[in-house]
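Here are a few friendly notes to read alongside the coordinates. Please have the viewer open as you go through the points.

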Amino acid sequence: MRDDDLAFIDSMQRDLRNVRWAEPAELRARARRRSRRTVAAAAVAVLALTSGAAFVVSGRAAPPAPVAAIPSATPWSATDVPAEVLLQPVDLRPAGITPWSDAGLEEEIRLDQMLEFCRQDQGLPTEWVKSRYSRSTALVRQRPGTTDPSEQQAVALQDVYRLAAQDGERLFDGLPALLAPCRAWRSAGPVEWKGKRIQAEVVHSWQTVDSGFAGDESVLVRHTVGPGRRLDTGASLGAASPPSDQAVVRVGDLVTVLRTGPGGDEVALRDLARVAAERLCVAANPGC
């Protein structure tokens, strides 16, 4: 073996010794967050029209449902996001709600995944603001009329992030620029229509529809999807889908992104955002 080969092997071994491998618990936590968020996004990615057609984001199949994560009991300090700030089953009206929760480090604050697809489609970055610490929860319940434990329905989804001191105002200042390129995004793809597979398009739009209703700062972001249209004939494929809302609320250095499940409305989301803001007060800096 030549001297330069030995030098290369020695260099590679030194580099491998310096690699930081993620701990098993960290890998599992990342997988749970990715699975839960992807499943939540799948409900948006498949756009069911009242006429019976369904648009699917091309090349993205819905993954299997994640295994429920055990609510975190990790000790926390003043810089962590404690579990106490998350919405609890008692904050929602339906009975039989179960929380799935997990925590993270240095995650980006995110809205729905379709908004990211919109920006990626235009060659734009999807990053908004990166948090220092985060904690997430999915509040789920058994679907009415079923006894199968796997038949569960999301009632509310919440992410809570702790930001660096200078990032709170920057978050809300940057929201208009994040949404502006997606005010009228045309998404085309295959659709099953009356037993045939055709090409069609829908127009997505994201915009803020309310602000200042909770916490130190708050906005309500609405995602609307227009009626489908055949690309070959221009014919309409039914009525528009119901809008989907997300609330973004800041209390001190804590920010929460919140959405309700199927059947939720703007009034319920705004009320829930106020409850969420009160829970953030216990760990925000500065406090309420």
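1. How many residues lie between β6 and β7 in their hairpin, and which residue in the turn has a positive phi? Bear in mind that this is a predicted model. The hairpin leaves 2 residues between the strands, and lysine 194 in the turn has a positive phi of about 55°.

2. The two arms of that hairpin are β6, residues 185-193, and β7, residues 196-211. They pair in the antiparallel sense, with 9 bridges between them. If you want a spot to check the register, proline 190 stands opposite glutamine 199 in β7.

3. On to the next turn along: β7 also forms a hairpin with β8, this one with 5 residues between the strands. Here glycine 212 is the turn residue to look at, with a positive phi of about 70°. Strand β8 covers residues 217-225 and pairs with β7 in the antiparallel sense over 7 bridges. Histidine 204 has valine 225 in β8 as its bridge partner.

4. Please don't overlook β9, residues 229-230, which pairs with β7 in the antiparallel sense over 2 bridges. Its arginine 230 is the bridge partner of alanine 200.

5. A separate point concerns proline 99, which lies in strand β3, residues 97-105. Is this proline buried or partly exposed? Proline 99 counts as partly exposed because its relative accessible area is 24%, while buried would require under 20%.

6. One contact to inspect while you are there: the C-alpha atoms of proline 99 and leucine 139 are 4.4 Å apart, although 40 residues separate the two in sequence.

Note on methods:
Residues are numbered from 1 along each chain as its sequence is written. This is a predicted model: local features need pLDDT of at least 70, side-chain atom pairs count only at pLDDT 80 or more; totals for chains, interfaces and linings use all residues. Side-chain values use heavy atoms; hydrogens and water are left out. Helices (H or I, at least four residues) and strands (E, at least two) are DSSP runs, numbered from the N terminus. Buried means under 20% relative accessible area, exposed over 50%, partly exposed in between (1.4 Å probe, protein chains only). Two strands pair if DSSP finds at least two bridges between them.
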